[in-house]
Amino acid sequence: MDHSGHGMTMDLPPFTLGRGLEWSTDPFFLVACLAGLALYGWGVVRLLRRGDKWPVGRTVAFAIGVLSIVLMMCTRLNDYGMVMFSVHMVQHMVISMVSPILILLGAPITLALRALPTAGRGRKGPRELLLMFLHSRYMRIITHPAFTIPLFIASLYGLYFTPLFDTLMGSKAGHIGMMVHFLAVGLVFFWPIMGVDPGPHRPGYLMRMLELFAGMPFHAFFGIALMMASEPMVETFKNPPASLGIEALSDQNAAGGIAWAFSEIPSVLVLVALLFQWYASDQRQARREDRAADRDGDKELEAYNAYLSSLHARGN
């Protein structure tokens with residue numbers, strides 16, 4: 001039985017990390033990831049040739065984020081993920097919660113806006129179309145917490161606890177579509193919270209933290225539900241191949257533990273990024289105020305001192 005198009009998954013030997021990390025190309029994800037890296041690299045080179053700077057840390061974060069997708073989808077982890085719930089859950093958690101965070105820290109939209117040329121007056125090129133898309137009503141909807149948080153939750157409960165998951169796993173196109181969906185959900189959920197790129201919905205830092213903690217507990221509850229189940233809950237993984245030497249319920253328990261653990265890892269990563277961004281924003285604001293004071297001779301302070309002097313004069 002060939003679920004994934006990667007090979008005869010029924011004949012897979014027992015899972016080990018070494019076997020899981022063997023190369024097993026998925027053409028769709030390989031081409032998409034290489035294209036993403038190439039476009040990002042083009043943007044960075046264009047800026048550098050123009051004499052502009054681009055933070056190395058952003059480039060590194062983006063590259064690691066894309067390579068994490070390659071690791072999940074272009075190795076035998078993808079083959080094992082078709083028949084082992086635990087390995088599939090690693091794929092899901094990395095692609096929906098780790099890869100998006102790293103890609104967003106790479107600020108690809110900011111890079112595109114800086115690297116793409118302007119089309120000229122009265123014309124619309126790629127840069128202008130991107131700006132229109134960023135400021136569209138559609139983007140305001142899909143980045144609003146009233147949309148992102150329910151979508152984030154539904155991608156777990158609405159997928160695994162309904163026949164939809166089995167339907168998608170039944171075809172290569174369905175499986176690819178599901179993984180792309182995981183990545184897209186992670187991007188739209190984390191973008192308003194800690195993304196560097198400009199977006200239509202960008203609340204204050206405290207509200208961003210509340211958005212983060214509103215979604216994460218549901219991952220933990222989902223993992224606990226899998227671990228507490230007394231029988232396999234997903235049809236696809238009810239009868240693992242005998243060659244794997246695993247039992248379906250214990251594999252499901254492992255998948256639940258992975259989902260529960262991953263609810264903590266992104267929370268810490270995003271919280272650290274948010275606190276750093278908050279601090280950097282305060283520092284930029286302080287520098288702007290200092291420059292404004294230098295330009296106008298600190299008129300605000302002078303006006304306040306004059307007000308105090310007038311009060312003192314009236315008192316006398």
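# Walking through a predicted helical model

The structure holds four salt bridges, and since the model is a predicted one, these pairings are computed from predicted atom positions. As background, side chains of opposite charge can pair when their charged atoms come close.

One of the salt bridges is made by the side chains of Asp26 and Lys172, with a distance of 3.4 Å from N to O. This pair links distant parts of the chain, for Asp26 sits in the loop between α1 (17-20) and α2 (27-49), whereas Lys172 belongs to helix α11 (residues 172-194), and the two are 146 residues apart. The partners also differ in how they meet the surroundings: Asp26 counts as buried, at 1% relative accessibility, while Lys172 is partly exposed, with a relative accessible area of 32%.

Another salt bridge joins Arg76 to Asp79, and here the closest N and O atoms are 3.3 Å apart. Both residues lie in helix α4 (residues 76-80), where they are three residues apart, which is about one turn of the helix. Arg76 counts as partly exposed at 21% relative accessibility, but Asp79, at 0%, counts as buried.

A further salt bridge brings together the side chains of Lys238 and Glu235, at 3.5 Å from N to O. In this pair Lys238 is partly exposed, with 35% relative accessibility, and Glu235 is likewise partly exposed, with 47%.

From these charged pairs we can step back to the protein as a whole. The protein has 15 helices and zero strands, and of its 316 residues, buried ones make up 43%. If one takes the contacts with a separation of 6 or more, residues 24 or more positions apart account for 76% of them. On the outside, the protein exposes about 16,300 Å², of which carbon and sulfur atoms supply 67%.

Part of that surface is a nonpolar patch formed by Phe218, Phe221, Ile224, Met227, Met228 and Trp260, which together have about 600 Å² of accessible area. Helix α12 (residues 205-228) gives the largest share of this patch, with five residues, and Phe221 is one of the residues that lie in that helix.

The interior can be followed through two buried residues, beginning with Tyr160. Tyr160 lies in helix α9 (residues 145-160), and with a relative accessible area of 1% it is buried. Not counting residues up to four places away in sequence, Tyr160 touches Phe85, His88, Met89, His92, Ser155, Phe165, Phe182, Phe222, Met233 and Val234. Two histidines in that list also take part in polar contacts with the tyrosine side chain: the side chain of His88 is joined to that of Tyr160 by a polar contact of 2.7 Å, and the side chain of His92 makes one of 2.6 Å. Tyr160 can also be placed relative to Glu235, the partner of Lys238 in a salt bridge: Tyr160 and Glu235 are 75 residues apart in sequence, and 9.5 Å apart in space from C-alpha to C-alpha.

The second buried residue is Gln252, found in helix α13 (residues 248-262), with a relative accessible area of 2%. The side chain of Gln252 reaches the backbone nitrogen of Met233 at 2.7 Å. When its neighbours within four places in sequence are left aside, Gln252 is in contact with Phe85, Leu226, Ala229, Glu231, Pro232, Met233 and Val234. Among these, Phe85, Met233 and Val234 are also touched by Tyr160, and in this way the surroundings of the two buried residues share some members.

What remains is the matter of the cysteines. A disulfide is a covalent bond between the sulfur atoms of two cysteines, and the structure holds zero disulfides. The sulfur of Cys33 has its closest cysteine sulfur in Cys74, at 6.3 Å, and that is too far for a bond, because a disulfide needs the two sulfur atoms within 2.5 Å. Cys74, for its part, is in no disulfide, as its nearest cysteine sulfur is that of Cys33. Both cysteines are nevertheless away from the surface in the sense used here: Cys33 is buried, with a relative accessible area of 6%, and Cys74 is buried too, with 0%.

Methods: Residues numbered from 1 in each chain as written. Predicted model: local features only at pLDDT ≥ 70, side-chain atom pairs only at ≥ 80, totals over all residues. Heavy atoms only, no water. Buried < 20%, exposed > 50% of the residue type's maximum accessible area, 1.4 Å probe, protein only. Patch = residues over 30% accessible without salt bridge, like charges linked within 9 Å, V, L, I, M, F, W, Y side chains within 5 Å. Areas by Shrake-Rupley, 256 points an atom, 1.4 Å probe, with all protein chains shown as cover. Helix = DSSP H or I, 4+ residues; strand = E, 2+ residues; numbered from the N terminus. Polar contact = N/O pair within 3.5 Å; in protein donor to acceptor, adjacent residues only side chain to side chain. Contact = heavy atoms within 4.5 Å.
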